[in-house]
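Colleague: I should be grateful for a close look at a single part of this model. Please choose one helix and describe it together with its surroundings.

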Amino acid sequence: MKATAIGPSNIAFIKYWGKKDENLRLPENGSISMNLSDLTTTTTVEFLQNLREDSVIIDGKAEKKKIERVSKQLDRVRKIAKFPYKAKVVSQNNFPSGTGLSSSASGLAALTLAASKSAGLNLSEKELSILARQGSGSACRSVPDGFVEWLEGNTSETSYAYSLYPENYWDILDIVVVVSHDKKDISSTGGQKIVATSSFYKVRLSNINKKIELCKKLLSEKNFPEFGKLIEAEALELHAIMLTSSPSLIYWLPGTIKIMKLVKKWRSEGLAVYFTVNTGQDVHLIIEGKNKEILLEKLQKVKEIKKVIVNTPALGARLINKHLF
Ligand code: DP6
């Protein structure tokens, strides 16, 4: 059976950075995120009895490393379905991959849902999240709807994401500011392997549970200024660890810093806007919906900006009827 799923990328407010089990992708800490409406991957999967190997096309290309990652995830599905069939996979991102916009989250969430459906499995949301996590940690958060918490867990069964609030809970936006189309030179998976080389990492872990609780409290109160302050400080802490890892990880480009500085300036002028950044150069601006136009107008005047993508909070991975082949 052919199945197609659409998976959203997500932006982490409290970040996942570091694994206590590399194979199972069990994180060192829990995290909190929001699914993004306009950064999505659509994936069609069909298991076929006469295929000799998996055939995988992503954004029109067959790249070896990506095929291996997809095949590994298909292996996990084959194991549960208890059959050996290879699959045809076609996947399309609606945004550039490899630049820090979390295509592994949207991609692995869409793949997991489409592949499990195509294999005839009817997995629960929790089972899908657990399975997606093993393909890419952050992908487990792209399975449930809206605002999401990934529970750290100590075993594969206890490390999964669930929805804290639906997508229409809070009218906030993630306006992604693309400052370069360059690919990042170290992947999230690679960067996380050296996390313990930063002497700040222990400090982070000693405070992280308190931070998660505070983030959840501010979300429940919809306290935007305090929430914004917290998530901006969290992003800077993540990058402090990246910068002090060995070898150092410098994901920012001049355009990244330009936007960060402007955000602080605009804030001092009264606009409640906050930034967060992942592994990459692009900046996610978090703002209340009512301030969208004011911010977009300001962004239009910044010449370093290549593209702006406006995201509302979104549903998690879901099946659709329009197949890619
Ligand atoms: C900085 O989920 O891409 O975006 O599990 O190795 O695939 P793997 O890593 P990945 O890491 C995401 C890191 C981050 C923070 C976050 O999204 O929580």
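Modeller: Let us take helix H2, bearing in mind that the model is predicted. H2 has 16 residues, which at 1.5 Å a residue should span 22 Å; the end C-alpha atoms are 22 Å apart, so the expected and computed values agree. The helix covers residues 103-118. Is H2 largely enclosed or open to its surroundings? A residue counts as buried when its relative accessible area is under 20%. In H2, 14 of the 16 residues are buried, and the helix is therefore largely enclosed by the rest of the structure.

One partner in these surroundings is helix H1, residues 64-81, which packs against H2 at an angle of about 35°. The two axes lie 10 Å apart, and the crossing is right-handed. On the H2 side, the contact is formed by Ser104, Leu108, Leu111, Thr112, Ala115 and Ser116. These residues meet Arg69, Val70, Gln73, Leu74 and Val77 of H1. By character, the residues of this contact comprise six nonpolar, four polar and one charged. A general property of helices helps in reading such lists: an α-helix has 3.6 residues a turn, so residues three or four places apart point the same way.

Beyond the end of H2 comes Gly120, which has a positive phi, near 85°. Ahead of H1, the loop that follows strand S5 (55-58) holds Asp59. Asp59 also has a positive phi, about 50°, although it is not a glycine. In general, most residues other than glycine have a negative phi. With a relative accessible area of 25%, Asp59 is partly exposed.

Notes: Residues numbered from 1 in each chain as written. Predicted model: local features only at pLDDT ≥ 70, side-chain atom pairs only at ≥ 80, totals over all residues. Heavy atoms only, no water. Axes fitted to C-alpha atoms, helices over the stretch in contact; angles between N-to-C directions. Helix = DSSP H or I, 4+ residues; strand = E, 2+ residues; numbered from the N terminus. Left-handed = near helix turned anticlockwise from the far one by under 90°. Contact = heavy atoms within 4.5 Å. Nonpolar A, V, L, I, M, F, W, Y, C, P; charged D, E, K, R; others polar. Expected span 1.5 Å × (residues − 1). Buried < 20%, exposed > 50% of the residue type's maximum accessible area, 1.4 Å probe, protein only.
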